[in-house]
Amino acid sequence: GSLLYHAHCMGCHGPQAISGGSVVDLRDASQETLDALDAILLEGQREPLGMPSFADRLGAADVPAIRAYLRSRNRRADAN
């Protein structure tokens, strides 16, 4: 998950999921957000908010690995 995150997400969301402040710090992602990663990353659910789809770069098998990485970095008790 870490390799996938750093290859595809780090550019906007920062190294180790630590945002520089211009976008969401994924260490604070809610359980709801983590559960919706398939829709967010592959279906473009949040494109209206500026989060592009990664369907052309990631597959369904990649999402659980990224989710697990984000859970390992999460600071919220409800997401662990």
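The legends below describe the whole chain and several close-up views of a predicted model.

Residues are numbered from 1 along each chain as its sequence is written. In this predicted model, local features need pLDDT of at least 70 and side-chain atom pairs count only at pLDDT 80 or more, while totals for chains, interfaces and linings use all residues; side-chain values use heavy atoms, with hydrogens and water left out.

**Figure 1. The whole protein has five helices and zero strands.** Helices (H or I, at least four residues) and strands (E, at least two) are DSSP runs, numbered from the N terminus. The order of elements from the N terminus on is α-α-α-α-α. The protein is as compact as a globular protein of its length, because its radius of gyration of 11 Å is close to the 12 Å that the globule rule gives for 80 residues. That radius is taken over C-alpha atoms, and the rule is 2.2 Å times the number of residues to the power 0.38. Along the principal axes, the C-alpha atoms fill a box of roughly 30 × 25 × 25 Å. Of the 80 residues, 36% are buried, where buried means under 20% relative accessible area, exposed means over 50%, and partly exposed lies in between (1.4 Å probe, protein chains only). A contact means heavy atoms within 4.5 Å. Among contacts between residues at least 6 apart in sequence, 53% join residues at least 24 apart.

**Figure 2. The structure holds one aromatic pair.** Tyr-5 and Tyr-69 form this pair, with 5.3 Å from centre to centre and 35 degrees between the planes, and it counts as tilted. Rings of Phe, Tyr and Trp (its six-membered ring) pair if their centres lie within 6.5 Å; planes under 30 degrees apart are stacked, over 60 edge-to-face, and the rest tilted. Tyr-5 belongs to helix H1 (residues 2–8) and Tyr-69 to helix H5 (residues 62–73), so the pair ties together parts that are 64 residues apart in sequence. Tyr-5 counts as buried because its relative accessibility is 0%. Tyr-69, at 12%, also counts as buried.

**Figure 3. The largest pocket holds about 520 Å³ of space.** On a 1 Å grid over the protein atoms alone, a pocket is an open set of points with protein on both sides within 12 Å along at least five of seven lines, whereas a cavity is a set where a 1.4 Å probe fits but cannot get out. Lining residues have an atom within 4 Å of a point. Grid points are joined across faces, edges and corners, and the volume is the space filled by probe spheres set on the points. The lining has 23 residues, and those nearest the pocket centre are His-13, Val-24, Leu-26, Ile-40 and Met-51. H1, H2, H3, helix H4 (37–43) and H5 each supply at least two lining residues.

**Figure 4. Ser-30 and Gln-31 have contacts with residues far along the chain.** Ser-30 sits in the loop between helix H2 (10–13) and helix H3 (31–35), and Gln-31 is in helix H3. At 16% relative accessibility, Ser-30 is buried. Not counting residues up to four places away in sequence, Ser-30 touches Arg-76 and Ala-79. On that basis Gln-31 is in contact with Arg-71, Asp-78, Ala-79 and Asn-80. The C-alpha atoms of Gln-31 and Asn-80 are 7.9 Å apart, although 49 residues separate them along the chain.

**Figure 5. Gln-16 lies in the loop between H2 and H3, as does Ala-17.** Phi is near 55 degrees in Gln-16, a positive value in a residue other than glycine. For Ala-17, phi is near 65 degrees, again positive in a non-glycine residue. Gln-16 is partly exposed at 44% relative accessibility, whereas Ala-17 is buried at 0%.
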